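Please go through the model shown here with the briefing that follows, which takes up burial, salt bridges, the sheet and the helix packing in turn.

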Amino acid sequence: MRYLGIDYGMRRIGLATADGDTRIAVPQSALKCKNDAQAIDEITSVVKKEEIEKIIIGLPLGLDGRKSEMSAQAISFGEKLRAASGLPVEFENEMLTSRMAHDAGMRGSNIDASSAAIILQSYLDKIQMPKSK
């Protein structure tokens with residue numbers, strides 16, 4: 001299975017990919033879009049080109065774990081992307097991913113793509129973990 005990780009933001013949207021064999025998320029790029037419709041058009045193009053089968057979007061939560069206004073925007077974007085792409089969309093907690101990317105030396109749009117990779121890797125690690133009895 002091929003995965004697309006998304007770090008959704010108001011200024012830039014970071015993208016990362018991974019496949020089911022390696023299960024290693026790789027930063028790709030960051031999109032600068034005027035609105036969600038343009039972003040969805042660009043992302044659906046990436047989905048087709050990369051033969052993506054599942055989309056994982058970072059869900060911004062507060063430090064207390066509660067949803068915020070930005071969480072609602074990310075969920076709304078995910079629902080639009082699900083409808084446009086016809087693919088399953090899941091959400092992964094993105095708490096502190098931008099800080100982690102920054103601390104790893106990323107700057108500018110590289111932070112967004114790296115954050116998308118961190119989000120996607122977190123999801124992949126979680127689904128690989130054996131379930132306890």
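**Briefing on the predicted model**

Glu92 has a relative accessible area of 4% and is therefore buried, where buried means under 20% relative accessible area, exposed over 50% and partly exposed in between, with a 1.4 Å probe and protein chains only. The model is predicted, so that local features need pLDDT of at least 70 and side-chain atom pairs count only at pLDDT 80 or more, while totals for chains, interfaces and linings use all residues. Residues are numbered from 1 along each chain as its sequence is written, and side-chain values use heavy atoms, with hydrogens and water left out. Helices (H or I, at least four residues) and strands (E, at least two) are DSSP runs, numbered from the N terminus.

**Salt bridges**

- A search of the whole structure gives 6 salt bridges, each defined as a side-chain nitrogen of Lys or Arg within 4 Å of a carboxyl oxygen of Asp or Glu.
- One of them joins Lys126 and Glu92, with an N to O distance of 3.1 Å; because Lys126 lies in helix α4 and Glu92 in strand β5 (residues 89-93), the pair ties together parts that are 34 residues apart in sequence.
- Lys126, at 48% relative accessibility, counts as partly exposed, whereas its partner Glu92 is buried at 4%.
- Another salt bridge is formed by Arg12 and Asp112, whose closest N and O atoms are 2.3 Å apart; this pair links distant parts of the chain, with Arg12 in the loop between β1 (2-7) and β2 (13-19), Asp112 in helix α4 (residues 109-128), and the two positions 100 residues apart.
- Arg12 is partly exposed, with a relative accessible area of 22%, while Asp112 counts as buried at 9% relative accessibility.
- The side chains of Asp36 and Lys80 also meet in a salt bridge, at 3.2 Å from N to O, and this pair again links distant parts of the chain, Asp36 being in helix α1 and Lys80 in helix α2 (residues 69-85), 44 residues apart.
- Lys80 has a relative accessible area of 40% and is partly exposed.

**The sheet**

- An open sheet is formed by 5 strands in the order β3-β2-β1-β4-β5, and the pairing is mixed, two strands being counted as paired if DSSP finds at least two bridges between them.
- The edges are occupied by β3 (26-31) and β5, each with a single partner strand, so one side of each is left without a neighbour in the sheet.
- Neighbouring strands of this sheet are turned by 25° against each other on average, direction ignored.
- Strand β1 runs parallel to strand β4 (residues 54-59), to which 4 bridges join it, and Gly5 stands opposite Ile56 in β4.
- Strands β2 and β3 run antiparallel and are joined by 5 bridges, with Ser29 in β3 as the bridge partner of Leu15.
- These two strands, β2 and β3, form a hairpin with 6 residues between them, and Arg23 in the turn has a positive phi of about 55°.

**Helix packing**

- Helices α1 and α2 pack at an angle of about 45°, with their axes 10 Å apart; axes are lines fitted to C-alpha atoms, for helices over the stretch in contact, and angles run from 0 to 180 degrees between N-to-C directions.
- That angle makes α1 oblique to α2, since angles under 35 degrees count as roughly parallel, over 145 as roughly antiparallel, 65 to 115 as roughly perpendicular and the rest as oblique.
- In this packing, Asp36, Ala39, Ile40, Ile43 and Thr44 in α1 meet Phe77, Lys80, Leu81, Ala84 and Ser85 in α2, contact meaning heavy atoms within 4.5 Å.

**Two buried positions**

- Thr44 is placed in helix α1 (residues 36-50) and counts as buried at 13% relative accessibility; apart from residues up to four places away in sequence, Thr44 touches Leu81, Ala84 and Ser85.
- Ile52 is in the loop between α1 and β4 and counts as buried at 6% relative accessibility.
- Leaving aside neighbours within four places in sequence, Ile52 is in contact with residues including Arg2, Tyr3, Leu4 and Leu87.
- The C-alpha atoms of Ile52 and Met1 are separated by 7.5 Å, although the two residues are 51 residues apart along the chain.
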